[in-house]
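This report is for a reader who has not met this structure before. Please look over the sequence and the model, then read on.

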Amino acid sequence: MENKETLDATDIQILRILQQNARLTVKELAAMIHLSPTPTFERQKRLEREGYIQRYTAIVDHHKLGNNVIVLCNIRLKQHTHDLIQQFMDAVQHIDQITECYNTTGDYDFLIKVYARDMRDYQDFMLNTLGNIDCVGSLHSIIVIGEIKDSHVIPVARQKEVKK
């Protein structure tokens, strides 16, 4: 991604609106930003092409799918070698229960977000999934007792960052 100077106020408005409802038709989006459908469509396609919009997705209710436990798990690797770090990063790509993974600073090397049906399911995940990744040295689990904010909305440029 180059720089935010390529975004004008209308682009920012499009990004904000689509983060709230990506199912809008071009005609509906155009009405909301006070443009005709053709330039709206062209702007949206440019934002996709330039990588500002990476994909469109549905946000599902994890409770309805039976995933009632959310765990934030700090992972410390056994050693900090390129191969072990890469091994861990490759492994998490193929584990569906891990929905987010961040390489972090501090006492731990990675932070993962895990969904499980219940505590027994998470225990099984710890022992039989994370436990089978050889490079994992230790972990620290934080059980989420309540979700306060889960917006999935990325802050878009503030007014002073916008090209005039």
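The text below goes through one helix, the pockets, the nonpolar cores and a few single residues.

The model is a predicted one.

**Helix α2**

Helix α2 spans residues 26-33, and its buried residues are L29, A30 and I33. These residues lie on the same side of α2, because they cover an arc of only 100° around the axis. On the face turned away from that buried side are the exposed residues K27 and A31. What do the buried residues of α2 pack against? Their partners are α1, residues 9-20, and α3, residues 37-49.

Just after α2 comes H34, with a positive phi of about 65°. H34 has this positive phi although it is not a glycine. The loop between α2 and α3 holds H34. With a relative accessible area of 69%, H34 is over the 50% cut-off, and therefore counts as exposed.

**The pockets**

Probing the model for open space gives the pockets described here. Rolling a probe the size of a water molecule over the atoms shows where empty space is left.

The largest pocket has a volume of about 1,600 Å³. It is lined by 39 residues, of which Q19, R55, T57, H152 and I154 are the closest to its centre. Three elements, α1, β2 (98-103) and β3 (110-116), each supply at least two residues of the lining of the largest pocket. The largest share of that lining, 4 residues, comes from α1.

The second largest pocket holds about 200 Å³ of space. Its lining has 13 residues, and those closest to the centre are V92, Q93, I98, E100 and C101. Here α4 (82-92) and β2 are the elements that give two or more residues to the lining. The most comes from β2, with 6 residues.

The linings divide by residue class as follows.

| Pocket | Nonpolar | Polar | Charged |
|---|---|---|---|
| Largest pocket | 19 residues | 11 residues | 9 residues |
| Second largest pocket | 7 residues | 4 residues | 2 residues |

H152, one of the residues closest to the centre of the largest pocket, is placed in the segment after β4 (136-143). Its phi is near 60°, a positive value in a residue other than glycine. Is H152 buried, exposed or partly exposed? H152 is partly exposed, with a relative accessible area of 44%.

**The nonpolar cores**

In soluble globular proteins, nonpolar side chains tend to be buried together. In this model the largest nonpolar core has 20 residues, and I75, F88 and I112 touch the most other members. The elements that give two or more residues to this core are β1 (69-77), α4, β3 and α5 (119-128). Which element gives the most to this core? It is β1, with 5 residues.

Not counting residues up to four places away in sequence, I75 touches F88, Y108, D109, F110, I112, L130, V136, S138 and L139.

Another core, of 14 residues, lies apart from the largest one. Its members include L15, L47, Y52 and V156. L15 is found in helix α1. Why does L15 count as buried? The relative accessible area of L15 is 11%, which is under 20%, so L15 is buried. Leaving aside neighbours within four places in sequence, L15 is in contact with L7, L47, Y52, I53 and V156.

How far apart are the C-alpha atoms of L15 and D109? The two atoms are separated by 32 Å, and the residues are 94 apart along the chain. D109 is one of the residues that I75 touches.

**A loop residue**

T105 lies in the loop between β2 and β3. T105 is exposed, with a relative accessible area of 76%. T105 and H80 are 25 residues apart in sequence, and their C-alpha atoms are 12 Å apart in space.

**Elements met more than once**

Some elements appear in several of these descriptions. Helix α1 packs against the buried residues of α2, gives the largest share of the lining of the largest pocket and holds L15 of the 14-residue core. Strand β2 supplies at least two residues to the lining of the largest pocket and gives the most to the lining of the second largest pocket. Strand β3 contributes to the lining of the largest pocket and to the largest nonpolar core. Helix α4 takes part in the lining of the second largest pocket and also in the largest nonpolar core.

Notes: Residues numbered from 1 in each chain as written. Predicted model: local features only at pLDDT ≥ 70, side-chain atom pairs only at ≥ 80, totals over all residues. Heavy atoms only, no water. Buried < 20%, exposed > 50% of the residue type's maximum accessible area, 1.4 Å probe, protein only. Arc of directions from axis to C-beta. Contact = heavy atoms within 4.5 Å. 1 Å grid on protein atoms, 1.4 Å probe; cavity = no way out; pocket = protein on both sides within 12 Å on 5 of 7 lines; lining within 4 Å. Points joined across faces, edges and corners; volume = space filled by probe spheres on them. Nonpolar A, V, L, I, M, F, W, Y, C, P; charged D, E, K, R; others polar. Core = buried A, V, L, I, M, F, W, Y, C linked by side-chain atoms within 4.5 Å.
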